[in-house]
Amino acid sequence: MKLDSDIKFEYIQLAQSPILLNRSFTMSVWIKPSYQTLKLSYLFTQVYQSSSFLMRIVDECIDVRMYASQLHSCSPKLKDSIWQYVTFVFDRENRSMSIYINGLQRTSTTIYLPVDDNSQIQRTTIGGYDAFNQYDGLIDQLSISFQVKNPTDILDEATLVVFYNFDSDFLFKDTSVNSNHAQGFNVSHLVDSRHSNEKTLLLLNPNLSYFQSVGLVLHSTYNYSYSYSLWMNLTTMSSLIPLIHLVYTKDQSKYSINNCYSMLAVNRTGI
């Protein structure tokens, strides 16, 4: 979703909104801000009769206000025109709130929790409500769950690109939040003994079979670090078997240049 600060009163108002007051919750969102000249912009607001919840960007930093308390995360600063994953966790039981940037906890605090049963919502908006301090940029996959997510779950959400467990009836299904489904040729399911009654991927032919995932644009765009992991059981050993092969295309004028890398291969002597 794109919000443009040059268009006055551009925001999304939720007609039926979950109440965030007086309960634990986790809020996560992918953002790609365009700063231009903005110093303050609102990502998400929920206003009640006696209080409010505000998630804002202040001078390229995430700022959250709740129960008259403030939590500010400025290390690292948010980057301009790059996708970043922002998570806010509020634990009512221990009165703590935390901010995560790209899956890593950046700041946390314990707050004073007032007794306030007035949770009637006046409005809930994505983006700035008035003509000032509007968010400029892209927003994707905003989620709210009434649970305190642990750091491992948050890191997985922020960094897991694809996950193929091969146990679904749809062999090429990506079960990560990205739903980056694959394609392949001459492959099938096989019930193996590694996990009881769970299916695995079977490549039927060492020369013709392949399992292909596409759309992994971050590998070549922003120089992100990444890792692969997989279980394998080789039934045929040749001089060299590529396990993970990366191909990306660069368009230069009228010509396309394919760059190919064998990221992981195995031969008779090892990997």
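A residue is called buried when its relative accessible area is under 20%. Cys 61 has a relative accessibility of 1%, so Cys 61 counts as buried. With that cut-off in hand, let's walk through the structure shown above, which is a predicted model.

## The chain as a whole

The chain has 271 residues, and 34% of them are buried. Its secondary structure comes to two helices and 18 strands. About 16500 Å² of surface is accessible, and carbon and sulfur atoms account for 50% of that area. Contacts also reach along the sequence: among those with a separation of 6 or more, 58% are between residues 24 or more positions apart.

## A disulfide

How many disulfides are counted in this model? The count is one. The partners are Cys 61 and Cys 74, whose sulfur atoms are 1.8 Å apart. Cys 61 belongs to strand β6 (residues 61-66), while Cys 74 sits in the loop between β7 and β8, 13 residues apart from its partner. As a reminder of the chemistry, a disulfide is a covalent bond between the sulfur atoms of two cysteines.

Is Cys 74 buried or partly exposed? Its relative accessibility is 33%, so Cys 74 counts as partly exposed. The other end of the bond, Cys 61, is buried at 1%.

## An open sheet of six strands

Next, find the open sheet, in which six strands follow the order β2-β11-β4-β5-β6-β7 with antiparallel pairing. Its edge strands are β2 (12-13) and β7 (69-73), each of which pairs on one side only. In general, strands of a sheet pair through backbone hydrogen bonds, either parallel or antiparallel.

Inside this sheet, β4 and strand β11 (residues 121-126) are paired in the antiparallel sense over five bridges. Val 47 stands opposite Arg 123 in β11.

Strand β4 (residues 40-48) is also the place of Ser 41. With a relative accessibility of 6%, Ser 41 counts as buried. Leaving out residues up to four places away in sequence, Ser 41 touches Arg 56, Ile 57, Asn 133, Gln 134 and Tyr 135.

## Strand β8 and its partners

Now look for strand β8. How many of its eight residues are buried? Eight of the eight are, and the strand is described as mostly covered. Both of its faces are covered: Gln 84, Val 86, Phe 88 and Phe 90 are buried on one side, and Tyr 85, Thr 87, Val 89 and Asp 91 are buried on the other.

β8 runs antiparallel to β3, and seven bridges join the two. Here Phe 25 stands opposite Phe 90 in β8. Strand β9 (residues 96-101) is also antiparallel to β8, joined to it by six bridges. In this pairing Val 86 stands opposite Ile 101 in β9. The hairpin of β8 and β9 has four residues between the strands, and Arg 95 takes a positive phi near 60° there.

## Aromatic rings

The model has eleven aromatic pairs. Two of them are set side by side here.

| Pair | Distance between ring centres | Angle between planes | Arrangement |
|---|---|---|---|
| Phe 25 and Phe 90 | 6.2 Å | 45° | tilted |
| Phe 53 and Phe 88 | 5.5 Å | 45° | tilted |

Why do the rings of Phe 25 and Phe 90 count as tilted? Planes under 30 degrees apart would be stacked and those over 60 edge-to-face, so the 45° between these two planes makes the pair tilted.

Each pair links distant parts of the chain. Phe 25 in strand β3 (residues 25-33) and Phe 90 in strand β8 (residues 84-91) are 65 residues apart. Phe 53 in strand β5 (residues 52-58) and Phe 88 in strand β8 are 35 residues apart.

The relative accessible area of Phe 53 is 1%, so this residue is buried. Phe 88 is at 0%, and therefore counts as buried. Both Phe 25 and Phe 90 are buried too. Ring pairs link Phe 25, Phe 44, Phe 53, Tyr 67, Phe 88 and Phe 90 into a cluster.

Phe 25 is a good place to pause. Its C-alpha atom is separated by 8.4 Å from that of Phe 88, although these residues are 63 apart along the chain. Setting aside neighbours within four places in sequence, the contacts of Phe 25 include Leu 20, Met 66, Ser 145 and Phe 146. Phe 146 in turn has Arg 23 over its face, at 3.6 Å from the ring centre.

Methods
Residues are numbered from 1 along each chain as its sequence is written. This is a predicted model: local features need pLDDT of at least 70, side-chain atom pairs count only at pLDDT 80 or more; totals for chains, interfaces and linings use all residues. Side-chain values use heavy atoms; hydrogens and water are left out. Rings of Phe, Tyr and Trp (its six-membered ring) pair if their centres lie within 6.5 Å; planes under 30 degrees apart count as stacked, over 60 as edge-to-face and the rest as tilted. Buried means under 20% relative accessible area, exposed over 50%, partly exposed in between (1.4 Å probe, protein chains only). A charge sits over a ring if NZ of Lys or CZ of Arg is within 6 Å of the ring centre and within 35 degrees of the ring normal. Contact means heavy atoms within 4.5 Å. Two strands pair if DSSP finds at least two bridges between them. Accessible areas come from the Shrake-Rupley method with a 1.4 Å probe; for residues, only the protein chains shown count as cover. A disulfide is a pair of cysteine sulfur atoms within 2.5 Å.
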